[in-house]
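Dear colleague,

Please find below the structure that I am handing over to you. A short account of what was found in it follows.

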Amino acid sequence: MPNPLFDTLFAPHMGRDTPFLHLADGSTLSYATFLARAAQFAHVLAAEGVVAGDRVAAQIAKSPDALALFAATVQAGAVFLPLNTAYTVGELGYFVENSRAKVLVCDPANAPALAPVAGAVGAALLTLDDTGGGSLAAAAIGAAPSFDTAGRNAGDLAALLYTSGTTGRSKGAMLTQSNLISNAQVLAKAWRFTADDVLLHALPIFHTHGLFVATNITLVAGGSMFFLPKFDPDAVLAALPRATAMMGVPTFYTRLLGEPRFTREAAEHMRLFVSGSAPLLEETHRQFEARTGHRILERYGMTETNMNTSNPYEGARRAGTVGPPLPGVEVKITDPETGAALPRGEVGQIEVRGPNVFAGYWEMPEKTAAELRESGFFLTGDLGRFDGEGYLQIVGRSKDLIISGGYNIYPKEIELVLDTQPGVLESAVIGVPHPDFGETVVAVIVAKAGAAPEEQALLSACSGALARFKQPRKILFTDALPRNTMGKVQKNALRAEHGGLFAPDQATK
Ligand code: MLC
Ligand code: AMP
């Protein structure tokens, strides 16, 4: 039966004895081996009662098996729900419950803590580690290496990716098969990916960037990947001479520039470096070119929309811009108040429409209606302008969002934790420039009269409730938060006041 996503990404490679994944230990996994593993996992999912449309949630370390679980989920016709490995049990509970996952796959070490989470929604709990162990791997032993692919339509859901919101409540972005197919095909063509490409993959695979952009493009082109467990400069430098392309968040590139071993010669086998998920400083772009001779290709996307714009492969790659819209994608700049299109050159909110744009938020019709217009345009919450050449510049955000090392952090979520701590009257969480992460989290606290909450106690409260990357790197105390005449906290004023906290000469990570 047709399953457009499986038929596009995986079916063409069935039985291919050519490399798909090159691993850190020097071994290589062929497409045939990978797909046989995926089929075995699909049998396990089916045995757990997973049928088309069911959600399969996974909080697992990056490994070939973790990627095979994605392929297996697609083949079984289910909806993949990848979760950041840094999430706490409390954070995870919401996603599993809200999505009513049929299966939760986690690291064996986390199974005792997550059993109640799975149990609460009647989800089966399976385990998988990054060395081929766990109950999922055990159940796959002896399973047939082929699976009757479940039928799906292009408009059916393929993935549910949770993004936090300005109210502090996460929303599940519903991505259809055709969202993923169209974007992978457009990008593979735009960036000239072929079966000869070897992508250096050091991103996590629980987000759009590492899972859909990097992996799906490689699959569409039939190329292979150096599949590194995480960004590690030594491993990246070791792989560069045999890779042809790399995708990363700006932190990857600033960290590479901090390595004297990263030279023109080290990068000479590469044909392409792509950056996205956070703003790339013009300074980084320039330094990178001076060091390697390569101009980083910057593109712009979101979980809800996949990729929207990209600097060109051939033609000018302009620092400080994210390029023109990709083929088939419409981008317009509108007045945030009226929604009317603004003349070229003016700054406004960025709206996006195209086959890449998601189908809405899972079981949240009101939030969907607020951000996805009936016309099909999605309100990104980013502010930008088109330059005279039709290149988009992102100049800011209308949403209250911090992007740290490519991870999105919504201040509200942290404020909700801080505001309930003893002695805290109120809090404001802001992002300030950081030399490594681009931005980092700082909390400004107003104490209750007569109380003196301590920084350490507040940090401990955050560490119990929030993933490490969301936790404030600094807590400051003030008598009153700056407010405008409407009573709204002026975060711009706080950012201006504290923007130098992590300036390079006084930076601590
Ligand atoms: C890790 N830490 C972070 C962090 N990553 N803190 C803030 N921001 C981050 N991004 C924590 C660690 O837990 C650790 O805590 C400390 O910070 C320092 O860790 P590190 O060793 O320096 O971090 P590292 O493991 O090297 O990770 C940094 C990183 C990683 C940048 C390599 O975060 C990363 O791979 N980011 C990519 C994110 C991504 O894929 N985004 C795409 C989203 S999709 P402690 O306790 O030791 O101090 C999207 C759409 C689009 O946005 O357009 O692509
Ligand atoms: P996410 O919700 O994790 O998908 O993050 C999407 C957000 O990342 C966008 O709305 C932008 O604010 C930001 N983003 C992605 N790519 C870029 C880029 N190249 N430059 C600036 N911001 C970016």
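In what follows, a salt bridge is a side-chain nitrogen of Lys or Arg within 4 Å of a carboxyl oxygen of Asp or Glu. By that criterion, the side chains of arginine 397 and glutamate 439 form a salt bridge, with an N to O distance of 3.1 Å. Please note that the model is predicted.

As for the overall division, the protein has three parts: domain 1 covers 4-19 + 28-152, domain 2 covers 200-397 and domain 3 covers 402-498. The salt bridge described above therefore joins a residue of domain 2 to one of domain 3, given these bounds and the criterion used.

The rest of this message concerns the interface of domain 2 and domain 3. Their C-alpha centres are 28 Å apart, and the contact involves 10 residues of domain 2 and 9 residues of domain 3. About 690 Å² is buried between the two domains, 45% of it from carbon and sulfur atoms. On the side of domain 2, the greatest losses of area to domain 3 fall on Thr251, Arg255 and Arg397, which together account for 50% of what that side buries.

Across this interface the rule finds 2 salt bridges, along with 3 residue pairs in polar contact, both residues of each being at pLDDT 80 or more. Helix 10 (residues 250-257) contributes the most to the side of domain 2 that touches domain 3, namely 3 residues. By class, the residues of that side comprise 4 nonpolar, 4 polar and 2 charged.

Yours sincerely

Definitions and conventions: Residues are numbered from 1 along each chain as its sequence is written. Chains are lettered from A and ligands numbered from 1 in the order in which they are written. This is a predicted model: local features need pLDDT of at least 70, side-chain atom pairs count only at pLDDT 80 or more; totals for chains, interfaces and linings use all residues. Side-chain values use heavy atoms; hydrogens and water are left out. Domain bounds come from an automatic or database domain assignment. Contact means heavy atoms within 4.5 Å. Buried area is the accessible area (1.4 Å probe) that two parts lose on being put together, summed over both. A polar contact is a pair of N or O atoms within 3.5 Å; within protein, one must be able to donate a hydrogen and the other to accept it, and residues adjacent in sequence count only if both atoms are side-chain atoms. Helices (H or I, at least four residues) and strands (E, at least two) are DSSP runs, numbered from the N terminus. Ala, Val, Leu, Ile, Met, Phe, Trp, Tyr, Cys and Pro count as nonpolar, Asp, Glu, Lys and Arg as charged, and the others, Gly among them, as polar.
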